[in-house]
Each structure stands twice: as C-alpha cells, then as structure tokens.
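Work through the exercises below with the model open. Each task is followed by a stepwise solution.

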Amino acid sequence: MALAAVLALGAVAGQSSGDSVMNRKKVALVLSGGGALGASHVGALKVIERTGIPVDMVIGTSIGSIVGAMYSVGYNSGDLETMFRTMDWAELFLDRGNLSNLTLSEREARNTYIYEREFYVHGGIDPQPGGVIRGNNISRVFSHYLQGYTDSINFLHDLPRQFACIATDLVTDDEVLLSSGSLVECIRSSMSIPGVFTPVHIGNKVLVDGGTKNNFAADVARELGADIVIGVKFDIGLGTDKEYRSFMDVLERSAGSDITRRSKENEKYCDLVISVPVRGYSSGSFSSRAINALIERGEKAAQEKYDSIMILKEQAGVVPEANYTMHLRDINNLKPTDEAVKRLVNSHRPNTLMASLGVRYDTEDVAALQLSGRYFMDGKLRKELDLTLRLGLRSMLRVNFDIEPRPFKKMGLSYELWHNIRHDIYARGKRSDNLSFIYQHANAKLFSFDALNFDCELGLGWEHYHLFKGLWNELSMIPFVPNEHYFNYHMRLRYNNEDNAYFTQHGVRAEASYAYYTDNFAQWKGHSGFSALMAMCQVTIPITATTHLRPCVQGRLVFGDDDLPVMQYNAVGGMSYGKFFPQQLPLAGIGNVEFLDSKFVSASLRLQQRLVGRHYLLLDGSVAEHNREMSNLFDRKPIWGVRASYFYNSGILGPLGASLGWSNYTHRLNFYVSLGFDF
C-alpha cells in the first residue's frame, strides 16, 4: 500500500509539474561523471535546494547518472548525503552479491576470496565478458534505492523529475541517450567503466560508461527542451612537470584529454556552470574523509554562485514548492523490497567454471595463496567438481566431487592433502616441538543437506598422518609417532545467520560434530574405538549502532581408551578454527598451538567497537578448563587470557590488522599480524 501511494503521488506530482512547466521556463541540471568526485554533486544540490529554484530535468553521466536518478525519483540532498556517507563503496564494487541468499557452505567460501570470475567451459557466451567486475552489487543496491521505478518506464514522463543519462555503444562507437527502460540497468550502463565493469547489453547495443563520449551532457539538456541549464562539473586543475610520474597519473591524464575538451565545449550550452575544485582527489577517493571533503567543496562552489542561481530562479518563474518536496523520500526509512527477502538459490549455471583467488599474510603462516576452480556440470543431476590449492607453510590440495539428487541435498567424495612445514608446538608458551608432517583425509559424504543458514552431514572418513621430521627439546612431553591412520564415522550440524563473517553486527553461529574412530571400521587396537565431540556457539548482541558484544562457548571432548593417537589431542591457540590442525580451537591470549588434555571447554567474550568508518577495536577475554577426566575437569586452576586487536575492514582485501595477547598459561605476550581473508 505504501509503495502504491508513493507511485500515485509521483503520477499526480508529475502531472502538476508538467503543467507548471508550461507556464514558465524548464530548468535542467547537468551532472558530470567522475567516480567518487560525484560526492561534490551532493554539496551543490544542498545549495540549489536552498535557493528554491525548481529543477524539472536532470541529465547525468556515470556517477552523475546515479545521483541524477535518485534525485529524479524524489530523494533530496540530505538523503543523498546520507547515502554517500554510509555507503560501503568497497563492497558495492565487488561481485559478492547478496550472500544471505546462498547456502551456508557457499557463503563461507565467498568470504575467503578477494576475486571470483565465471567462465563457460563448453562454448556459449562468456557470462562475464569484457570486464573484471560484473556489477552485481550495484544492480542489487540501486534496485533497493529505486524501488517503485525498476520496471521499464519512460524517464521523461514517469518520474517526478525528468531524467536521462548518457552511455557509449561499443558496437557503433556512438554516444547513446538513455531515457527509457529499466532505470537501474541504464545507470549501470552509464557508469560501466570499460575493462573494469562488464558492459551492459540492451538490444543490439553493448553499453559502457558515457563519460568516454560525453561526460558533461549540457548539449543533451538543450536537445530535450531545457530553457535554463545549470551544470555541475569538476575542476581537476593542471599539474606541474614534477607530477604525472606514476602510471595511473599518466593514464588518467592522457585518457581524459578528449573528454575534458568535449566537456569544455559543452559549457556554452549552460546558463551557469558550477565548477568544483577537486585537486587532491580522484575518481577512486571513496574514503570517509574524501567523501566529506568533496561534499563540502561542492557546497562551497555552489554557494559562491548563489546570487547567480537566484537570478536564474527569477527568470524561470516561481512554482509552488510542494510540487517538488512532496516526492522527497527518507533513505533511512526505506523498507526492504520483496527481492531482498531471504530465499535459497542455486547461484551457478551448468557448464560454468568459477575461478577464485585468495591471498593473505600473517606472522605465523607468512604469505599464503589460495586458488580454486569449481566446475558445475550439466545433466539430469547437478554435479560439481572442486579443486582447491593452497600454498604457504601449510600447503593444501583438495579435490571434491558432489552429486545433488535433489535441490541442496548432496552425496559425494573428497580427498584432502596437507603439507605442514616446520610447524611449532608450544608448552606453556615455550617452543617444545617443531613438526613437519603430511596429513591426508578422504571422506565419503553419505548424505548432506546444505540450506540457507543450516547444513548437516553424515559420512565415513579416513585420516592419515605421516611425521617425517620432528625436532623437540626437554620441554616436549608429546610421544609423537611416525605414522597414524584411522577410519571414522562422523556427523556434523552447523547453523550460521551472522550478517558478516568478520565484523558481525547480529546473528548466531553454532556448530556440533561427533566422530567415532577405529582402525578397521569396528575397533581401535583390538578394543572399542574412541570418539570426539566438538561444539561451539557464539551470539552477537548489539549494544549500540557501533558497539557489539559476542559471548561464545566452545569445547572438545575425546572419550575412549588412554591409548589415543597423538594427533587427536586437543590443539588450542591462535585466532582461527582448524588453522594448522583440523581440530584446532582458538583461545584468546594463547597465540601458538598448545596440546592440552582430552577434555577441554572454554568461554569467551568479545567487545567489538567500530571507531570510525571501517576501523575496529576488538577486546577479547577467555577462560578455559582442561583435564583427562570429565569428573576432574574443573579441579585445576582455570586458564584465562586477554587479547586486544585493531582491524581495518578493507572490503576487497579483507580485514587488515594486528593483535596483542597474554594468558596466565603461557605468561608471554603474543603479537600477531593478519592481513586478508582467513583460509
């Protein structure tokens, strides 16, 4: 009903606006392209609104088309300022899409890679032709902001303000005026930087950024009947001979010379040009500080033209202000669209290959690189073949084949090979062992169900450890043996509805697994097998918009004969689950792996504070108990630890930061640097 009311108001206002324009001069606003520099458009609009001059038409190119489209459907300068200041621009320009609609395993995989690209394997049209970024997030986000105007419409008749944008057709090398169709598709075309974003196909046209032909389309405003034209463009300024030393400086300057010349020529079609000085900033300056500065510069440049705008207002003729303000929409109160409702989707088409790349650095693993190829086969049953290669101190090769007899229900086989080079084991904070080993794991997935926020698996596995080098000192109390292998029957349940894998603001993550181990499918060394139970649950509780608490409980209990294989001992320490040993559990304050007794439980609490923008402070505290017997689990002095971390959420590269921890078990400070997504 609310959406219908908005559309009805738009139709009524559009009619009244059209009638009023017949009795006065039509005013057009022209917004140039320039990436992040478009924030200055918002500042200029703040002044234009203060003058009260009616804006009947908006013509935009690239970022100007985004600002222009939103202004034309009824957002005011305050709404646009909110959007620019709060938008996660780094995430906007990625292809992660709406991860909430993916299965749990798919979502976790997407949270480890900096880049993914699809390829067709058996011919056909490239699903991602001519660009590095598909622009999925851009289409999704602006479909939300422009709800009510996402169907095919005429922008010159069906919007509260008339609107058109400029694109370039690669087929004909011509400038293209877009004034009808899908509003989201058109602005996506207008801002599609060649080679960066995939072109948009509309009919026989292959469209890219209009800035390559007409970055300041004042001439188009005149062609569409504007009587008064106000233009907002950017003054980059000329550099000195000591500048233009970097590759990007030279490329931007040389590529932009013709564009600048055309924009200068189009100034003759304007009654007023608001030229915003943007020297010191570029099209990629999307930091909070840069956005704030550009908005201020746009407002200052327009304020200097205030008297000139008032003269044009008198020439245009005054109309009732209500004809324009009645359309203004509050961006903060915009309700989710039906498309935003969570629903499980199969996101990959048959006969496609998804290639992924991940990179990271940390003080323990040094540099690590991960490459993945996932092939989605055609046929009656969905089939998927995955190959993943990780290079680092822990190198890994994983091959996985799944058959999906019914949607999201899978059976399959997998094989995983780890090669750990010189991994250190610590005893109460002092290095006791230095291991190099090979770990193999084969798994038969008898049944699994992979849902929106939940998955489960039943299977049969084989594990093998080969320790080909072990150095130890007098602190070592671990009876390592050269070879260990065993079979297991296992089950696992997981639930995760967290909104973000690294800087969660709300949600629950829980996991439980049980495995029964044997050496011949029935017994372990002639008697009953042993078993391992692992469980964890963490909840994120919002305190304020920037402050969150995350309590967590976790534990791993190994039951059975005293003669347990060494590599099934509880491995505790670090910041990640399963980092160097499959059963490894993180614990605040303990930076390196410590082997503890077979019964281990812990509780922790994290305070997550967003400082400003993408900067985060994390404070962690934990307490743990371990023992060989459940009955004596709490007899010892508890282990407790603390950790303070700073992280910057870079978006495309993942979290970048460092932490400092201490525990009463190790009595040592531990410093850890982590750069990139965790894998």
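## Exercise 1: The overall fold

Task: State what share of the residues is buried, then describe the make-up and the surface of the chain.

Solution. Of the 679 residues in this protein, 51% count as buried. The model is a predicted one. Next, take the secondary structure: the protein has 14 helices and 31 strands. Then turn to contacts with a separation of 6 or more. Residues 24 or more positions apart account for 65% of them. Last, the surface: about 30500 Å² is exposed, and carbon and sulfur atoms supply 59% of that area.

## Exercise 2: Helix H4

Task: Find which residues of H4 (residues 77-86) are buried, what covers them, and which residue caps the N-terminal end.

Solution.
- Step 1. List the buried positions: Ser-77, Asp-79, Leu-80, Glu-81, Met-83 and Phe-84.
- Step 2. Look for the cover. It includes the helices H2 (39-51), H3 (63-73), H5 (89-92), H7 (136-145) and H12 (288-303).
- Step 3. Inspect the N-terminal end of H4. Asn-76 is the cap there, with a side-chain oxygen 3.2 Å from the backbone nitrogen of Gly-78.

## Exercise 3: Cysteines

Task: How many disulfides does the structure hold, and are Cys-270 and Cys-456 buried or exposed?

Solution. Recall the bond first: a disulfide joins the sulfur atoms of two cysteines covalently. A search of the whole structure returns 0 of them. Now check accessibility, where buried means under 20% relative accessible area. Cys-270 has 14%, so Cys-270 is buried. Cys-456 has 15%, so Cys-456 is buried.

## Exercise 4: Empty space

Task: Count the cavities of 30 Å³ or more, then describe the largest cavity and the second largest pocket.

Solution.
- Step 1. The count is 2 cavities of 30 Å³ or more.
- Step 2. The largest cavity has a volume of about 120 Å³. Its lining consists of 14 residues; Gly-574, Met-575, Gly-591, Asn-670 and Tyr-672 lie nearest the centre. Strands E30 (655-663) and E31 (670-675) are the elements that give two or more residues to this lining.
- Step 3. The second largest pocket holds about 980 Å³ of space. It is lined by 43 residues, and those closest to the centre are Tyr-569, Phe-595, Leu-596, Asp-597 and Arg-628.
- Step 4. Assign the lining of this pocket to elements. Those giving two or more residues are strands E18 (409-427), E19 (430-450), E21 (483-496), E24 (547-559) and E26 (594-596). E21 gives the most, with 4 residues.

Methods: Residues are numbered from 1 along each chain as its sequence is written. This is a predicted model: local features need pLDDT of at least 70, side-chain atom pairs count only at pLDDT 80 or more; totals for chains, interfaces and linings use all residues. Side-chain values use heavy atoms; hydrogens and water are left out. Buried means under 20% relative accessible area, exposed over 50%, partly exposed in between (1.4 Å probe, protein chains only). Contact means heavy atoms within 4.5 Å. Accessible areas come from the Shrake-Rupley method with a 1.4 Å probe; for residues, only the protein chains shown count as cover. A polar contact is a pair of N or O atoms within 3.5 Å; within protein, one must be able to donate a hydrogen and the other to accept it, and residues adjacent in sequence count only if both atoms are side-chain atoms. A disulfide is a pair of cysteine sulfur atoms within 2.5 Å. On a 1 Å grid over the protein atoms alone, a cavity is a set of points where a 1.4 Å probe fits but cannot get out, and a pocket is an open set with protein on both sides within 12 Å along at least five of seven lines; lining residues have an atom within 4 Å of a point. Grid points are joined across faces, edges and corners, and a volume is the space filled by probe spheres set on the points.
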